[in-house]
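Please open the structure in your viewer and keep the sequence at hand, since each stop on this tour begins with a selection and then turns to what can be found there.

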Amino acid sequence: MVQVTPFFLVLSLALGAPQLLVEKCNLTGNWTNDLGSNMTILAVDEKGNFAGLYNTSVADHPNKIQQSPLVGFLHLTNPIDQPTFGFTVNWAFSESTSVFTGQCFLDKDGKETLKTIWLFRHHMNTTEDNWAGTLVGTNVFTRLRKQE
């Protein structure tokens, strides 16, 4: 029995080792999307909360574009290797808000991609103009540089 125990120990380590090498998507860092906008997501806390900054390259507004704050949530339950998330951007230069929801994907080479759908809402003065203030779209974000 003494010789069997080391065998099972080695076997369990060998079977469990591939799980230690599995890459996981990490939202923290700098991202750019298919329209040239940039975003920085700061540290994600133990509950999945995060904050950051968004700098849009697309705006139909007379004011100068300004970097805007974002707050969001990362879904932490399994499978956490390709988590879902959502965040809100409070545009600092207009009376508008956007919400993004999406998923972080990791390809076979370890490249992270954020696939999102967004809803943009601009302030409107009447209920008759309600839908004129709403836009919907999609974005694909790629990492600018890996966060250490």
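Two strands are taken to pair if DSSP finds at least two bridges between them. With that in mind, and remembering that this is a predicted model, begin by selecting residues 96-106, which form strand β6, together with residues 112-122, which form strand β7; the two pair in the antiparallel sense over 11 bridges. At one end of your selection, look for L106, which stands opposite E112 in β7. Then move into the hairpin of β6 and β7, where 5 residues lie between the strands and where G110 takes a positive phi near 85°.

Stay with E112 and add R143 to the selection: the side chains of these two residues meet in a salt bridge, with an N to O distance of 2.6 Å. This pair links distant parts of the chain, for E112 lies in strand β7 and R143 in strand β8 (residues 134-145), 31 residues apart. A search of the whole structure finds 1 salt bridge. Are the two partners buried or exposed? Because buried means under 20% relative accessible area, E112 counts as buried at 5% relative accessibility, and R143 counts as buried at 16%.

Next, select L27, M39, Y54, F87 and L114, which are the residues with the most contacts inside the largest nonpolar core, a set of 20 residues. Strands β2 (38-41), β3 (49-55), β4 (68-74), β5 (84-90), β6 and β7 each supply at least two residues of this core. As general background, nonpolar side chains tend to be buried together in soluble globular proteins. Centre the view on L27 and show what surrounds this residue: leaving aside its neighbours within four places in sequence, L27 is in contact with I41, V44, F50, L74, F85, C104, L114 and R143. The arginine in that list, R143, is the salt-bridge partner of E112.

From the core, turn to N33, which is found in strand β1 (residues 29-33). N33 is buried, with a relative accessible area of 7%. Not counting residues up to four places away in sequence, N33 touches Y54, N139, V140 and F141.

For the last stop, switch to a surface display and select V99, I117, L119 and V136, which make a nonpolar surface patch of about 320 Å². Within this selection, L119 has its place in strand β7, and at 36% relative accessibility L119 counts as partly exposed. E112 of the salt bridge is in strand β7 as well, but E112 counts as buried.

Methods. Residues numbered from 1 in each chain as written. Predicted model: local features only at pLDDT ≥ 70, side-chain atom pairs only at ≥ 80, totals over all residues. Heavy atoms only, no water. Helix = DSSP H or I, 4+ residues; strand = E, 2+ residues; numbered from the N terminus. Salt bridge = Lys/Arg side-chain N within 4 Å of Asp/Glu carboxyl O. Buried < 20%, exposed > 50% of the residue type's maximum accessible area, 1.4 Å probe, protein only. Core = buried A, V, L, I, M, F, W, Y, C linked by side-chain atoms within 4.5 Å. Contact = heavy atoms within 4.5 Å. Patch = residues over 30% accessible without salt bridge, like charges linked within 9 Å, V, L, I, M, F, W, Y side chains within 5 Å. Areas by Shrake-Rupley, 256 points an atom, 1.4 Å probe, with all protein chains shown as cover.
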